[in-house]
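Biologist: Please take one part of this protein, the interior with its packed side chains and its empty spaces, and go through it closely with me.

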Amino acid sequence: MPEISVIIPVFNKYKYIENSLRSVLEQPFRDLEVIAVNDGSTDESLAVLNQMAEADQRVRVIDIPNGGVSHARNVGLSHARGQWIQFLDADDLLEPEYFSKVMDFLKENPVDILFSGFTMVDPNMNPIKEIDLPEEGFKNQEQLCHSFIQYQYENGFFGFISNKLFRHRLWEKSGARFPVGTTLAEDLDFYARLYPAVETAYFWNGKSFYYLQTETNYVRNVKIDYCSQLEIHLDIKAWFQKSGLYLTYKDQLDSKIAQYAAYILFYAHEDGKDLSEGFAFLRGRPEIMGCIDFRYMNGFYKLILMALKKGNLSAINGMFAIRSVARSLYRSIKHHE
């Protein structure tokens with residue numbers, strides 16, 4: 001069995017996939033397999049994958065109908081045979097000696113998961129931003145939770161997909177899966193389900209990969225599904241509950257859930273939708289309503305949360321109606337100035 005399984009979902013990445021695969025296969029550390037999951041690509045990606053699999057037996061190609069990146073990663077996980085698992089996107093590159101360096105360390109230090117820094121680059125491989133470790137060293141479950149609260153909402157460090165190398169048995173123990181259908185922060189949700197099973201983590205002071213930044217990195221985030229984002233933060237809350245640290249960080253965790261609850265109603269109105277569906281969704285979930293505290297937000301959002309807590313949909317509709325009239329009057333006045 002290989003020491004490391006590298007899982008790469010591929011959808012229409014013909015321009016990038018060969019270089020991405022070479023960044024793995026040319027690592028000095030060679031005891032690895034690459035599981036390339038072709039997610040119904042309509043370009044030449046599959047042909048490139050098959051050519052590289054013929055040239056290097058460590059490459060395993062799995063061809064599936066398009067089902068999204070979460071489904072492709074779940075398929076890759078189900079085929080992984082390595083003792084360690086590493087994710088890599090098809091347009092990103094591993095640091096040249098990443099595996100050699102970390103495996104030398106891991107042979108002497110039995111941890112469940114290793115975190116590392118990485119570099120964001122433009123299409124010409126020019127550095128845009130360095131994402132560094134919050135701090136170096138070992139962490140137990142309590143310290144991992146503390147670091148998450150302290151650093152996650154600064155730069156998303158704990159949710160990036162490829163700056164972690166974790167044991168296969170950690171994934172089996174956690175039962176973590178990627179949420180199929182979620183198109184934003186699905187990586188964070190997977191790790192929120194994985195982290196509760198961590199006993200010992202290590203923050204390694206090195207870089208793991210180059211994260212390509214293109215327009216598509218941002219276009220996919222223009223329309224946010226706030227319901228799915230709220231579900232992700234419920235999974236984060238569940239992690240802290242399992243770890244016995246929810247009450248310690250209750251305000252930080254609940255405020256995120258309350259924020260997304262307000263956003264669900266606000267942006268439903270902005271999109272011209274009936275608010276009753278979002279209202280029923282929120283009111284029907286005790287685990288959401290238990291987090292609703294209007295102290296967590298200000299202004300108009302605070303009023304929404306107050307009415308939501310009271311179960312008063314009419315008041316929420318009334319507030320939006322008044323807001324719409326006021327906004328129309330303001331625009332009319334500005335137009336005639």
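**Inside the predicted model**

Modeller: Since this is a predicted model, what follows describes computed geometry. Let me begin with the second largest pocket, whose lining divides into 11 nonpolar, 1 polar and 7 charged residues. The volume of this pocket is about 410 Å³, and among its 19 lining residues those closest to the centre are Ile264, Tyr267, Ala268, Asp271 and Lys273. Three helices, H9 (226-242), H10 (250-270) and H11 (275-283), each contribute at least two residues to the lining, and H10 gives the most, with 6 residues.

The enclosed space can be treated in the same way. The count comes to 1 cavity of 30 Å³ or more, and the largest cavity holds about 30 Å³ of space. Around the largest cavity stand Thr183, Leu184, Lys223, Ile224, Asp225, Ser228 and Gln229, a lining that divides into 2 nonpolar, 3 polar and 2 charged residues.

From the empty spaces we can turn to the packed side chains. The largest nonpolar core has 82 residues, and the ones with the most contacts inside it are Phe87, Phe99, Phe115, Phe166, Phe190 and Phe240. A second core, separate from that one, has 30 residues, including Tyr226, Ala262, Ile288 and Phe320. To see what surrounds one of the phenylalanines of the largest core, consider Phe166: leaving aside residues up to four places away in sequence, Phe166 touches Gln83, Trp84, Ile85, Phe87, Asp112, Ile113, Trp171, Phe190, Tyr191 and Leu194. Two of these partners, Phe87 and Phe190, are themselves among the residues with the most contacts inside the largest core.

The cysteines deserve a separate word. A disulfide is a covalent bond between the sulfur atoms of two cysteines. In this model the count comes to 0 disulfides, and the distances show why for Cys145: the sulfur closest to its own is that of Cys291, 16 Å away, which is too far for a bond. The cut-off for a disulfide is a pair of cysteine sulfur atoms within 2.5 Å. Cys291 is likewise in no disulfide, and the cysteine sulfur nearest to its own, that of Cys227, lies 15 Å away. As for their surroundings, Cys145 counts as buried because its relative accessibility is 0%, and Cys291 counts as buried because its relative accessibility is 1%, the limit for buried being under 20% relative accessible area.

Note on methods: Residues are numbered from 1 along each chain as its sequence is written. This is a predicted model: local features need pLDDT of at least 70, side-chain atom pairs count only at pLDDT 80 or more; totals for chains, interfaces and linings use all residues. Side-chain values use heavy atoms; hydrogens and water are left out. On a 1 Å grid over the protein atoms alone, a cavity is a set of points where a 1.4 Å probe fits but cannot get out, and a pocket is an open set with protein on both sides within 12 Å along at least five of seven lines; lining residues have an atom within 4 Å of a point. Grid points are joined across faces, edges and corners, and a volume is the space filled by probe spheres set on the points. Helices (H or I, at least four residues) and strands (E, at least two) are DSSP runs, numbered from the N terminus. Ala, Val, Leu, Ile, Met, Phe, Trp, Tyr, Cys and Pro count as nonpolar, Asp, Glu, Lys and Arg as charged, and the others, Gly among them, as polar. A nonpolar core is a set of buried Ala, Val, Leu, Ile, Met, Phe, Trp, Tyr and Cys residues joined through side-chain atoms within 4.5 Å. Buried means under 20% relative accessible area, exposed over 50%, partly exposed in between (1.4 Å probe, protein chains only). Contact means heavy atoms within 4.5 Å.
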